[in-house]
Amino acid sequence: MTNFGYTILIPILPFLMFLLLGLAGNKLKAKLSGLLGTAGLAVITLLSYFTAYKYFFAGEKAADGFHKIQAFNTVWLNISDKLHIDLGVLLDPISVMMLVVITTVSLMVHIYSLGYMKGEKGFERFFAFLSLFSFSMLGLVVATNIFQMYIFWELVGVSSFLLIGFYYTKPSAVRASKKAFIVTRFADFGFLIGILILSFNTKTFDFISLTDPTGPTFTQSTSAAFMGLSVMTWSMIFVYLGGVGKSAMFPFHIWLPDAMEGPTPVSALIHAATMVVAGVYLVARMFPIYAITAPVALHVVAYVGAFSSLFAAVIACTQTDIKRVLAYSTMSQIGYMMLALGVSGYGGHEGLGFMASMFHLFTHAFFKALLFLGAGAIIHAVHSNDMTDMGGLRKYLPITHWTFLIACLTIAGIPPLSGFFSKDEILAAAFEHNKILFAVEYAVAGLTAFYMFRLYFSIFWGKDTHYHHTPHEAPATMTVPLIILAAGSVLAGFIPFHSLVTSDGKPFDSEIELMVAIPSVLIGLLGIGAAYVMYRSANELPNKVAGFFKYGYKWAYNKFYMDEVYLFVTKKIIFRYISAPIAWFDRHVIDATMNLIASTAQNVSFRIRDFQSGQIQKYAFVFVSGAIGLAIIFIYFWK
Amino acid sequence: MSAGIPVQFFLILATVMFFAGIYGFLTRRNLITILMSVELILNSVNINFMAFNRYLYPNKLEGMFFSIFVIAVAACEAAVAIAIIINIYRRFTTINVEDVNEMKF
């Protein structure tokens, strides 16, 4: 065991950077604070790569696979001898992988933001928040216990809130940030309940003992059941609820498209690559519990994931705001990851889905961050989010065009790009376990290819739009991250994930199954072909197709009226029939009781206030009379 | 010295002084006179101390010491009280106790 104690620096450094930029940022030059933030993150990125190298390749691997290493731990809150909340660093294959993903994407976004946010008001504030986010996210993935994870889970929620609402003078951004915070917070409440049930039954918060297949989770004696499901199943479903909120799964997905009001680099970092996969990471972290003691909860994970991915893919086909298309695409891809976890078993080749999910998380971080950053470059050039304002941009933005194309091909699952490998593993895992889910995901693969190339063709080909200002390629600070991420998207697929990141730490053999791979590539090509026919050049076909699906199109275009459903439920039902009576009770019963007590005291004191006249001699008179009276009583009447 | 005078005489004197003090304290409006009334009360107590000490425990000195203490404390109190009275005069340009009634409801 080599020493990993230094890994505590990985979350600490961004926090110090946040303090520095947050407290002293307005005294520094804007450019300097941006460079400082980026430099701090570069150091952490190198540290993470070093850690990954040491963990995976430098002899950390024992004979029976990778072990969990507690690199650092300190008791933070000591409630009792048995119950204490720790803060620390836990290294295992998934957390090390997440460290690499987060620091890489975050570094790219930092560099990109140097160009994208240049001259914006609050430049240093932006970098301070980015550092805060990096700190929270890194703390989340290295959490040694579920409570630490919950703390950082809320912290990423806060940083997401702050960054979505970065343009705080824009009402829509303020609304979006509030929506994101409230919706995820609501879901996090489920997470908290889950944690409490879980730790009540297992008497521990610690991940190592929680997920140890011989630990208290699996040997605990209680077999209490509620509504036909065991307590463990309920707790895992509640924990998953937190993941549903953070990962924008149906029905808590409504905040994600609105979150696109934030600056584009933020969307790339938080709402595509890192924070929204926290839900997937959470399920992966607790995976042995799901797989062994709560298979029903795992089914919930699978079905919610599958439904969300289909739901989001259909909506993505109809939206015209490019960032919203990408947001729904993110939701759809996270659905994939959830599904893969849901169909996975624990250990060996059974754990194919787990591996596939983590693999897809890894590759998705690259190509989705790339797509968002590319979209940022486009928005930067055109000053519009709407793809109907765009067309023929390939001539003006060559680098963006090529990197965007690579990302689109990757997400469409064209070999040998990384998306092909990870998506193929997911489909293979689904195929082995559940044919219906496989069929859904297969259809989604086609839809994904279609809507991504719809986006691609509409932006870069299509009609030749006339622009007021000729669009120009973004500066080098923005194009370099694009190129690096494109390289990552191409190459990430060749990482042998099945020997590194598996459900039980032991490597297993996995190869591409042609049975699954060939049809999935074909449907991807079909989607691209359909998009080519419809959007390569301006024609009437898209309108005709929309007309053909008339109501279906309208529903999907309006996001299946989910926002309206939420509004109906909250305003018409919860506000009117629950909140309003409670408010009435509060005002007319609780407040009234208090008011009665207060007004009684006031009246009484008005009556008797004349006693306090300010005349010392009156007081003295009362005092002397009292003394004499007492003397008389004691002398003559007290027997 | 005081062998011929019965203790009641002292007690009567002290009582008269005490209630004269109380009466002055309650009825006088001038702060200085009130202060003088307080001194009367204190001195009546001193007389009691001395009288009882003399008649009950002629060989002990506790009562005398108490009186000396009371005199010392009274001196301090007079100093403080006069300082307060001066401040009151500066603030209100009067030392009539009825006009100094701001500390009320």
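How many residues of chain B are in contact with chain A? Keep that in mind while you load the view, and remember that you are looking at a predicted model.

**Stop 1: where the chains meet**

Color chain A and chain B separately, then select the contacts between them. You should find 14 residues of chain B in contact with 12 residues of chain A. The size of an interface is often given as the accessible area lost when the parts come together. Here, the two chains bury about 1,100 Å² between them, and 61% of that is on carbon and sulfur atoms.

Now show B:Leu26, B:Val97 and B:Phe105 as sticks. These three supply 49% of the area that chain B buries against chain A, more than any other three residues.

Next, pick out helix α1 of chain B, residues 7-27. This helix brings four residues to the side that touches chain A, the largest share. Try coloring that side of chain B by class: you'll get eight nonpolar, two polar and four charged residues.

What about pairings across the interface? The rule finds zero salt bridges between chain B and chain A, but four residue pairs are in polar contact there.

**Stop 2: a nonpolar patch**

Turn on the surface and select A:Ile628, A:Leu630, A:Ile632, A:Ile633, A:Phe634, A:Ile635, A:Tyr636, A:Phe637, A:Trp638 and B:Phe19. Together they form a nonpolar patch on the surface, with about 1,100 Å² of accessible area.

Which helix gives the most to this patch? Select residues 616-637 of chain A and you have it: helix α25, with eight residues in the patch. A:Ile635 is a handy one to click on, as its place is in helix α25.

**Stop 3: a salt bridge**

Side chains of opposite charge can pair when their charged atoms come close. Over all chains, a search of the whole structure finds 10 salt bridges. For one of them, zoom in on A:Lys170 and A:Glu261, whose side chains meet at 3.4 Å, N to O. This pair links distant parts of the chain, 91 residues apart. A:Lys170 sits in the loop between α5 and α6 of chain A, while A:Glu261 sits in the loop between α10 and α11.

**Stop 4: backbone oddities**

Switch to the backbone and go to the loop between α9 and α10 of chain A, where you'll find A:Pro251. A cis peptide bond joins A:Phe250 to A:Pro251, with omega about 0 degrees. A:Ala248 is in that loop between α9 and α10 too. Check its phi: the value is near 55 degrees, which is positive in a residue other than glycine.

Finally, jump to A:Pro416, in the loop between α17 and α18 of chain A. The peptide bond from A:Pro415 to A:Pro416 is cis, with omega near 0 degrees.

Notes:
Residues are numbered from 1 along each chain as its sequence is written. Chains are lettered from A and ligands numbered from 1 in the order in which they are written. This is a predicted model: local features need pLDDT of at least 70, side-chain atom pairs count only at pLDDT 80 or more; totals for chains, interfaces and linings use all residues. Side-chain values use heavy atoms; hydrogens and water are left out. Contact means heavy atoms within 4.5 Å. Buried area is the accessible area (1.4 Å probe) that two parts lose on being put together, summed over both. A salt bridge is a side-chain nitrogen of Lys or Arg within 4 Å of a carboxyl oxygen of Asp or Glu. A polar contact is a pair of N or O atoms within 3.5 Å; within protein, one must be able to donate a hydrogen and the other to accept it, and residues adjacent in sequence count only if both atoms are side-chain atoms. Helices (H or I, at least four residues) and strands (E, at least two) are DSSP runs, numbered from the N terminus. Ala, Val, Leu, Ile, Met, Phe, Trp, Tyr, Cys and Pro count as nonpolar, Asp, Glu, Lys and Arg as charged, and the others, Gly among them, as polar. Patches are made of residues with over 30% relative accessible area and no salt bridge: like charges are joined within 9 Å, nonpolar side chains (Val, Leu, Ile, Met, Phe, Trp, Tyr) within 5 Å. Accessible areas come from the Shrake-Rupley method with a 1.4 Å probe; for residues, only the protein chains shown count as cover.
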